[in-house]
Structures are given as structure tokens and as C-alpha cells.
Amino acid sequence: MQGNGKIVIVGAGLSGAVIGRELALAGHEVEILDARDHIAGNCHTERDADTGVMVHVYGPHIFHTDDAEVWDYVNGFQTFMPYKNRVKTTSKDRVYSLPVNLHTINQFFGKTLRPDEAKAFIEEQADKTIADPQTFEEQAMRFVGKDLYEAFFKGYTEKQWGCSPTELPASILKRLPVRFNYDDNYFFHKFQGMPENGYTDMIGRILDHPNIHVTLSKRFERAEHADASHVFYSGQLDGYFDYEAGRLGYRTLDFERFSYDGDYQGCAVMNYGDASVPFTRITEHKHFSPWEEHQGSVCYREFSRACGPDDIPYYPIRMVEEKEQLAQYVTRAEKERGVTFVGRLGTYRYLDMDVTIREALDTARLYLSKLADGADMPAFLHRPV
Ligand SMILES: Cc1cc2nc3c(=O)[nH]c(=O)nc-3n(C[C@H](O)[C@H](O)[C@H](O)COP(=O)(O)OP(=O)(O)OC[C@H]3O[C@@H](n4cnc5c(N)ncnc54)[C@H](O)[C@@H]3O)c2cc1C
């Protein structure tokens, strides 16, 4: 451990807030900086002034987990309201249920199949000439066949990743993406819900401790914090090194926001599977809070594209090229002293909120035990390569 100053945490998102609170509870003074003018990072929610709808500003966030400790943790700061994520998709002027389930199959093929019949039917659709699928497309064709692949996977994936599914690895579609029952709950996790007053309120409560000092609209500059006893950095890994080995590839999102008087689409998330529709989905935010009533509505049309230097990085791409670049940054990071890279940007991984919290709790605990032993804290708890 180095420096005698405060612990500095870069980012007031979930990673920074959870680490900050654990260290504050252990008696440390913690300074948290965020470049944005609000806390909560990409989970930020705020009420729309006109309609009163709770808006998920950086895209829809549904909390789901199997981790009982994490579920108890979030429930300590917020009442979680029951919420099941049920997604619909529009494909060629028809609406279907997602994830592809027995209802979708019966609707799509105009049949009344029972589970066993549907399994046999999908087996017949599958392209069995593909013995060892290498690409996303081959994997999908092998699992579900051409018709379902083209209606529900091809166009959406092209729009989401900006490339052909023939260029994406098969591993993205690990297992059979079809259910042979009528379960349309998007997630399998044991616990699922929505924070009653939004994520920003929840994260505000996590940060509410006398040992935690948050400064907003403040970008981290390494030179200003040379005396920090330790830095936990949840910003971009490549950004920490001034992008010297190039920028790690991300997808960014553009949200076209519009209002509606009434109920625009009758559900929270409507995907658009056709490549001819330029957006991937429309989210109608009031349906994320089904316990509230609002006449007005706020919707987002969501567009995905390559992330430029001035855009918000959303999804790490992690193709072969990025992995080589990432390895260079990881090597550099591991030579640094007194800094640990955390969270979705610091480790260049897509992390759900529950995983983010789990890793943040583990990071803070490891730090406290290393401190007690007088040992060095590693640059990564979870090595990104
Ligand atoms: C579109 C979308 C939808 C998602 N939906 C879900 C979902 O339904 N369920 C789920 O569980 N998870 C979801 N997630 C994942 C969720 O957003 C992440 O788990 C969470 O945001 C990770 O928190 P974090 O603190 O690591 O990162 P962030 O939330 O990104 O916070 C990092 C913070 O660091 C700040 N920062 C960065 N660099 C600097 C710097 N140099 N100086 C100062 N501040 C800096 C940023 O401003 C930001 O506030 C979704 C993600 C996306 C992109």
C-alpha cells in the first residue's frame, strides 16, 4: 500500500458506491469523483418532469440475480417491487413473444404444437449439415434453422453489433435459445425486481455515509491524486493510460426520446427484428414501474452504433483485435502500484448489476484483508483476459 492520503474512487456508479460504502463502514475516509453531474453511472434513473415517469436514462435496467447476499444487500437500501421482464418483438409486421418459446413457435409457424412435438419440429428445422458451428450464424442455424434465425436473431444481431452474424463467434449463442413451454420471463434468476424509487435513489442511499465525500462533474487526473492511499478506478481501462495503445472497441447507443399521451405500446420493451428497421427496440419507461399510474408516457427508440471518442461506451466488443489490445493494457495495469481496476469499464467486460455488486463487495473485502496483512492489492480482482 502506498500514500497516506484518502482512498480515491473514480466513478459514482454501482462499483464505486459499493466499494466506497464497505470501506467507509470499515472506518476509512473515501473520496469519490465522477465526471458526470449525477451519481449512479449508467444505472441512473430520473423522473420526467412532465409525466412523472421514472426514466432509465441510459437504457432499461432490470435487477435479477441468484446471489442471495447481493439481493439482501440491495434490499437494504430500497424496496424492490415485483417485476418480470417480458419482452415482445415485431418481425415482418407481426408481434411475437420473446425469448423464443412455445407460443412464439406456434404463432410463427401457425401451429398448435405441444412441447414434445415442438422439440421434434425444431429438430427438423435445424441445419444438421453444420457439424461444428464456428460463427453465430452457424450456431443459430444449427439450433433453430433458417426461418427462426432470420426472424428473431439475424437482423437484431446485425443492428446490435454492426456486423454480420457470420463474423461473430458461435460462443455468443451458447445454448439452445428456445424454450419449449410458455414461460416468457426473460430471466431465469431466483430474484428479480425494480427499485421502488429508482436506481439513483438506491445508490444515493449506498453513498450516504459520513466517511464518503462525493464530487460530481470532476474528471479524475492521476497527478492530482498521487498521495492517495489507494485508487479504485471504474473508468475506462484504456482511458487511464490515455489510450496510448489505441481505443478499446465499444458499441454506443443513441436514444431518440419521445412522449406519448396514453399507452404507446402496451409493454416495456418491444424489439424490432427486421434489418430494415434502423432501431433495435423501443422501451416505454412507465411499464418498468407497473405499480405507478401515469397518463403520459416516455419512450426511447434505441439505435446501436460504433462508439467514437466523444460517445458513451456501452458494450465492450471483445473481438480478436480488441483482445490483443486489451492484453497490452492489462500488462500495463499490472505494473501500476496503488490502483485497482473495477467495474464494467475498468475491466472491459459486460457486467450485470448483480455481478457488479458481487465483485465490488469482494474487492472491498480483499482490500481490507490485504491492508491488515500489509500486502499489496492486485490491479484486478477479475483479470479481463
Ligand atoms: C443499455 C444497458 C442496459 C443494461 N441493462 C441491465 C439490466 O437490465 N440489468 C443488469 O443487471 N444490468 C444491466 N446493465 C449493466 C449495468 O449498467 C452495469 O452493471 C453497471 O452500470 C456497472 O456499474 P459500474 O459502476 O461498473 O459502471 P458505470 O455505471 O458505467 O459507472 C462508472 C462511472 O464512472 C464515471 N467515470 C468514468 N471515467 C471517469 C473518469 N476518468 N473520471 C471520473 N469519473 C469517471 C462515469 O461517469 C460513470 O458514472 C445494462 C447496461 C447497459 C449498457
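Colleague: Which residue in β9 stands opposite histidine 64?
Modeller: Happy to look; bear in mind that this is a predicted model. Strands β5 and β9 (residues 191-195) pair in the antiparallel sense over three bridges. Across from histidine 64, the residue in β9 is glutamine 192.

Colleague: Nice, and which strands stand at the edges of that sheet?
Modeller: The sheet is open, and its three strands pair in antiparallel fashion in the order β5-β9-β6. Two of the strands have a single partner each, so one side of each is left without a neighbour in the sheet. Those edge strands are β5 (63-65) and β6 (80-82).

Colleague: How much are neighbouring strands of this sheet turned against each other on average?
Modeller: The strands follow the order β5-β9-β6. Ignoring direction, the average turn between neighbours in this sheet is 45°.

Colleague: And which helix lies across β5, β6 and β9?
Modeller: Relative to β5, this helix runs at about 150°. Spanning residues 68-75, the helix is α2.

Colleague: Let's move to the ligand. Which elements give two or more residues to the shell around it?
Modeller: The ligand is surrounded by 35 residues, and the closest are Gly11, Gly13, Gly41, Gly235 and Gly343. By type, the shell divides into 15 nonpolar, 14 polar and six charged residues. The elements that supply two or more of its residues are α1 (14-25), α9 (343-346) and α10 (353-373).

Colleague: Which element gives the largest share of the largest nonpolar core?
Modeller: In soluble globular proteins, nonpolar side chains tend to be buried together. Here the largest core has 62 residues, and those with the most contacts inside it are Ile9, Leu14, Ile19, Ile203, Tyr233 and Leu237. The largest share, six residues, comes from α1.

Colleague: How many residues are in the other core that lies apart from it?
Modeller: This other core has among its members Tyr96, Val100, Ala118 and Phe153. Its residue count is 20.

Colleague: What is tyrosine 233 in contact with, leaving aside its neighbours within four places in sequence?
Modeller: Tyr233 is one of the residues with the most contacts inside the largest nonpolar core. Beyond those sequence neighbours, its contacts are Val10, Tyr240, Val339, Phe341, Val342 and Gly346.

Colleague: Last one: why does proline 290 count as partly exposed?
Modeller: Proline 290 is found in the loop between β14 (281-284) and β15 (296-306). Its C-alpha is 9.9 Å from that of cysteine 267, which is 23 residues away in sequence. A residue is buried with 20 or more other C-beta atoms within 10 Å of its own, and exposed with 12 or fewer. Proline 290 is partly exposed because its number of C-beta neighbours inside 10 Å is 13.

Note on methods: Residues are numbered from 1 along each chain as its sequence is written. This is a predicted model: local features need pLDDT of at least 70, side-chain atom pairs count only at pLDDT 80 or more; totals for chains, interfaces and linings use all residues. A residue is near a molecule or strand if its C-beta atom, placed from the backbone, lies within 6 Å of it. Helices (H or I, at least four residues) and strands (E, at least two) are DSSP runs, numbered from the N terminus. Ala, Val, Leu, Ile, Met, Phe, Trp, Tyr, Cys and Pro count as nonpolar, Asp, Glu, Lys and Arg as charged, and the others, Gly among them, as polar. Two strands pair if DSSP finds at least two bridges between them. Axes are lines fitted to C-alpha atoms, for helices over the stretch in contact, and angles run from 0 to 180 degrees between N-to-C directions. Two residues are in contact if their C-beta atoms, placed from the backbone, lie within 7 Å. A nonpolar core is a set of buried Ala, Val, Leu, Ile, Met, Phe, Trp, Tyr and Cys residues joined through C-beta atoms within 7 Å.
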